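Hi,

Here is the structure I promised to send over. Have a look at it first, and then read on for my notes.

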Amino acid sequence: MTRSHCFILQHDSPISFYPDKNQLMIDSEEIHLEPLQARLLSYFIENRGKVLSTQQIAADVWQRTQVSDNLVRQVISLLRSQLQDKTRPYRIIQTIPKQGYLFDVKVTE
């Protein structure tokens, strides 16, 4: 059996993310992500430290250009709640006014 690839997000308590299982582990609680949320989190990890516009996210994650900004915001909001990023301003997926989103959390593999 092959070991699952895992990213550790350094937050208040470490968050383990298993992209191939669409799963998060927070305080030994398993949280299932929808495939789109898992793709979005993988995308944020790959582009850590960069401000990403909703249009960039839509094109790269949905791989379609006709995705509403509202849908992107909705999926980001759901992902934030799965990551338990509830304090404002958000700390894991930050909102950069009039520019987009910034994922700037230390990640180890």
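Which residue of β4 does Gln 23 stand opposite? That would be His 32. Before going further, please keep in mind that this is a predicted model.

Gln 23 belongs to the β3 side of things, so to speak: β3 covers residues 23-26, and β4 covers 29-32. The two strands run antiparallel and are joined by four bridges. Their hairpin has two residues between the strands, and there Asp 27 takes a positive phi near 50°.

Now the sheet as a whole. It is an open one with five strands, in the order β4-β3-β2-β1-β8, and the pairing is antiparallel. β4 and β8 (107-108) sit at the edges, each pairing on one side only. Further in, β1 (residues 7-9) and β2 (residues 15-18) run antiparallel with three bridges between them. One pair to look at there is Leu 9, whose bridge partner in β2 is Ile 15. Helix α1 packs on this sheet and touches β1, β2, β3 and β8, with its direction at about 110° to that of β2.

Just past that helix, have a look at Asn 47, in the loop between α1 (35-46) and β5 (51-52). Is Asn 47 buried or exposed? Its relative accessibility is 12%, below the 20% cut-off, so Asn 47 counts as buried. A polar atom of the Asn 47 side chain lies 2.9 Å from the backbone oxygen of Tyr 43.

His 5 is another one to click on. This residue is in the segment before β1 and is partly exposed, at 39% relative accessible area. Leaving out residues up to four places away in sequence, His 5 touches Phe 17, Tyr 18, Pro 19, Asp 20 and Glu 109. With Glu 109 there is also a side-chain to side-chain polar contact of 3.0 Å. Glu 30, 25 residues along the chain from His 5, has its C-alpha atom 16 Å from that of His 5.

Last, the helix pair. The axes of α2 (residues 54-62) and α3 (residues 69-82) come within 9 Å and cross at roughly 75°, so the two helices are roughly perpendicular to each other. On the α2 side the contact is made by Thr 54, Gln 55, Ile 57, Ala 58 and Trp 62, and on the α3 side by Asp 69, Leu 71, Val 72, Val 75 and Ile 76. By class that gives seven nonpolar, two polar and one charged residues.

Cheers

How values were computed
Residues numbered from 1 in each chain as written. Predicted model: local features only at pLDDT ≥ 70, side-chain atom pairs only at ≥ 80, totals over all residues. Heavy atoms only, no water. Axes fitted to C-alpha atoms, helices over the stretch in contact; angles between N-to-C directions. Parallel < 35°, antiparallel > 145°, perpendicular 65-115°, else oblique. Contact = heavy atoms within 4.5 Å. Nonpolar A, V, L, I, M, F, W, Y, C, P; charged D, E, K, R; others polar. Buried < 20%, exposed > 50% of the residue type's maximum accessible area, 1.4 Å probe, protein only. Polar contact = N/O pair within 3.5 Å; in protein donor to acceptor, adjacent residues only side chain to side chain. Pairing = 2+ DSSP bridges.
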